[in-house]
Amino acid sequence: MASSQLDPWLPRAAIRTYHRRASSADADELWQAALGLRLSDTRALGRLVRWRIPGTAADQSFGELLRAYPFTILEEGRNLLISGLCGRIWTLTRDYPTLAGAADFRDWHEAGTVRVAFAHWSAPCPDGRAELVSEARVEPVDRAAALRLRVLWKLVGPFDRLVGGEALTTAVRRAEENRVSETVPRARGRPGATPRR
């Protein structure tokens, strides 16, 4: 699946981020690990999300987060979730409108705001592995919003390489750990017994 998946939603985005991580786990295993990952499982990213969206619980999973206010689901399929939100992302308050669905997101044009879309998916790779991908786009509604967005991105943009892929890295590690633990044979006998040599 190409990153053009977001083109129908935000074709003129001022900011685009793209992260991906390859894994020996398959696409379904990666997807389940990503959906179950909790904000508290990530260090910087979890704190950043909770700071930018006040009231968000540390034990909330990313799968839950991206399906609830202030997000709305734009598109969902097997191993794919595209969510969006609108508002003034540079404020420290929860300044996001409630969107009833994809049509509200597509029609959003309130002055001084932006539309933000997040796409997450997993897919098989040609080499037999699989990858977990995250793409985000931000599109200002007008010039005033574009100026504010530019200032915000100068402050937070340099950290995108450090924070943006953190959840992917953690989800890949968890999927691979789960795969290993499922393939290791359990010792016979009582619980906790070690096999004889």
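This report looks at salt bridges, buried residues and a surface patch in a predicted model.

Let's start with the charged pairs. The structure holds 9 salt bridges, and three of them are set out here.

| Acidic residue | Basic residue | Closest N to O distance |
|---|---|---|
| Asp 28 | Arg 78 | 2.6 Å |
| Asp 41 | Arg 174 | 2.9 Å |
| Glu 139 | Arg 115 | 3.0 Å |

Take Asp 28 and Arg 78, which meet in a salt bridge. Asp 28 sits in helix α1 and Arg 78 in the loop between β2 and β3, so this pair ties together parts 50 residues apart in sequence. Asp 28 is partly exposed at 32%, while Arg 78 is exposed at 67% relative accessible area.

Next comes the salt bridge of Asp 41 with Arg 174. Asp 41 is in the loop between α1 and α2 and Arg 174 is in helix α7, so the pair links parts 133 residues apart in sequence.

The Glu 139 and Arg 115 pair joins strand β5 to strand β4. Glu 139 is buried, at 7% relative accessible area, and Arg 115 also counts as buried at 7%. There is a network too: salt bridges link Asp 7, Glu 135 and Arg 137.

Now for helix α2, where Leu 45, Gly 46, Val 49 and Arg 52 are buried. They share one side of α2, because they cover an arc of only 140 degrees around its axis.

Finally, look at the surface. Val 151, Trp 153, Leu 155 and Val 156 make up a nonpolar patch there, with about 360 Å² of accessible area together. Trp 153 belongs to helix α5 and is partly exposed, at 32% relative accessibility.

Notes
Residues numbered from 1 in each chain as written. Predicted model: local features only at pLDDT ≥ 70, side-chain atom pairs only at ≥ 80, totals over all residues. Heavy atoms only, no water. Buried < 20%, exposed > 50% of the residue type's maximum accessible area, 1.4 Å probe, protein only. Helix = DSSP H or I, 4+ residues; strand = E, 2+ residues; numbered from the N terminus. Arc of directions from axis to C-beta. Patch = residues over 30% accessible without salt bridge, like charges linked within 9 Å, V, L, I, M, F, W, Y side chains within 5 Å. Areas by Shrake-Rupley, 256 points an atom, 1.4 Å probe, with all protein chains shown as cover. Salt bridge = Lys/Arg side-chain N within 4 Å of Asp/Glu carboxyl O.
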